[in-house]
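Here are my notes for someone opening this one for the first time. Keep the viewer beside you and go through the points in order.

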Amino acid sequence: MTPAVDPPVNAAELLVRDAELLVVDEDREIPGGWVAVTGGRVTGVGGAGSEPEARTTVSAAGRLVTPGLVNTHHHIYQNLTRSYAPAVTGSLFDWLTTLYPLWAGLDEEAAYVSAYAGMAELLMGGCTTSSDHLYVHPRPHLVDAEIRAARDIGFRFHATRGSMTRSVEDGGLPPRSVTQTEEEVLADSERLISTYHDPEPGALVRVALAPCSPFSVTRSLMTATAELAERHDVRLHTHLAEDHDEDTYCLQTYGCRPVEYFEETGWMSARSWVAHCIYPNDAELHRLAAAGVGVAHCPSSNMLIGGGTARVKEMRELGLPVGIGCDGSASTDHASLWMETRAALLLGRYRGGPAAMTARDALDIATRGSARCLGRDDELGHLRPGACADLIVWDLHEVALAGALSDPVEAWLRCGPARAWTTVVGGRVLVDRGEPVLPGLGDALRDHGRIARRMQRLV
């Protein structure tokens, strides 16, 4: 970053200039483009030679600039049990039952340091807004700790208050130690909304409600949560149609398929977005689309756990909002939205052929599509004037780019790996020259290592 010399009082606060290509949105790209930022908002974009003066300037020379990527599904706390050897070859249900006893050790300190480290990783991978689905609650105030980490960093964060009420004793999968009563869940959901949810434009923190899955909560909690979300005008999130075992469970327990159960409990609305959504049938997919339900596509996690992949092309053609999700740090084992976006490109072409998905399609899913899932496509996922000033200057090594001369967007995903050279959230530079500008990161990583060793029972 280069401070300007005696800028005029009305100068932009931040200017990102000289991009090889600036992607403003799905319809506008500017070679040699610039973005001006004041008050946390984009105040102008344009081509070379029309730049305003600015107090601080970031050079994007030779680099692609895009809107910040948006993560629609994550379990950040799981970075404490990454690549846990006893679980890496299991099915979804095997994987969960192996890790639940370890996650029972989660406390406020663990939630804070895992969130701090996880958000730093997201920023380095080009993500400027993330949701997080924290659904194990062996102790109170874990979501509070995550929100505290987001505020300390300046990260844009949608905390989803997850829950599990059906333990193994009640016919579910998790042990009693990580579940709560329905009354506890609903009371804490109301507390988190009243304490932290900011409905105003440009909000850095919002809260959504997120019972974990059809096989880990009761029907009554699903229904009561939908009613609570309607009352407070917050969004709803859950896992849906992720695994064939889920189909079997719902048929045996509720007498219907997962999507039908989802609809019966009051969730079939544009207020909802769901993770994975791999196994709806054609009729169910049309019902989800008609209701405006969003889908968080989690390509790497689904491949690693052998669970199939969402029909993204068909979903988008039907009009469903489709975004990108990292999913759990113990299944995907990374938090790079660039890697997830590239995986979405590859899977889209694998399923539908070479014309089924382009790099621009994948970028649109990871920006505008994800923003739609979170109900924020008016101000996130693009860089039009008035948008939140969330953007990425991308870096690919010159060796990786050798010969990639005709299309910077395709090169961004086809070549690589790519990382964020500069990450800006709300006009603040949080990654500079590839490194996080986070004074608390060193301490968080040291504490993270200590807690992870304890949680994995290595000490």
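1. Let's begin with the seam between the two domains. In this predicted model, domain 1 and domain 2 bury about 2500 Å² between them, and carbon and sulfur atoms give 63% of that area. On the domain 1 side, Leu380, Leu413 and Val425 lose the most area to domain 2; together they make up 22% of what that side buries.

2. Where do the two domains sit along the chain? The domain assignment builds domain 1 from two stretches, 12-67 and 380-436, and gives 72-374 to domain 2. Their C-alpha centres are 29 Å apart. If you'd rather count residues, 34 from domain 1 are in contact with 27 from domain 2.

3. The seam has charged pairs too. As a general point, side chains of opposite charge can pair when their charged atoms come close. Here, four salt bridges are found across the interface of domain 1 and domain 2. For a pair to click on, try Arg156 and Asp390: they form a salt bridge, with 2.8 Å between the closest N and O atoms.

4. Polar contacts are worth a look as well: nine residue pairs make them across the interface of domain 1 and domain 2, with both partners at pLDDT 80 or more. Which elements of domain 1 give two or more residues to the side that touches domain 2? They are strands S8 (64-67), S19 (391-395), S20 (419-425) and S21 (428-432), plus helix H14 (408-414). Sorted by class, that side of domain 1 has 19 nonpolar, six polar and nine charged residues.

5. Now zoom out to the whole chain. You'll find 15 helices and 22 strands in it. The C-alpha trace spans about 65 × 45 × 45 Å along its principal axes. The radius of gyration is 21 Å, which agrees with the value near 23 Å for a compact globule of 459 residues.

6. Two backbone spots deserve a click. The peptide bond from Gly416 to Pro417 is cis, with omega near 5°, and Pro417 is in the loop between H14 and S20. The other spot is His141, which has a positive phi of about 65° although it isn't a glycine. You'll find His141 in the loop between strand S11 (127-134) and helix H3 (142-153).

7. How many salt bridges does the structure hold? The count is 32. One to look up is Arg191 with Asp144, whose side chains meet at 2.8 Å, N to O. Arg191 lies in helix H4 (residues 182-196) and Asp144 in helix H3, so this pair ties together parts that are 47 residues apart in sequence.

8. Last stop: Thr57, in strand S7 (residues 54-59). Setting aside neighbours within four places in sequence, Thr57 is in contact with Met1, Thr2, Leu15 and Arg17. How far is Thr57 from Arg446 in space? They are 33 Å apart, C-alpha to C-alpha, and 389 residues apart in sequence.

Notes: Residues numbered from 1 in each chain as written. Predicted model: local features only at pLDDT ≥ 70, side-chain atom pairs only at ≥ 80, totals over all residues. Heavy atoms only, no water. Domains from an automatic or database assignment. Contact = heavy atoms within 4.5 Å. Buried area = accessible area lost by both parts, 1.4 Å probe. Polar contact = N/O pair within 3.5 Å; in protein donor to acceptor, adjacent residues only side chain to side chain. Helix = DSSP H or I, 4+ residues; strand = E, 2+ residues; numbered from the N terminus. Nonpolar A, V, L, I, M, F, W, Y, C, P; charged D, E, K, R; others polar. Rg over C-alpha atoms; globule rule 2.2 N^0.38 Å.
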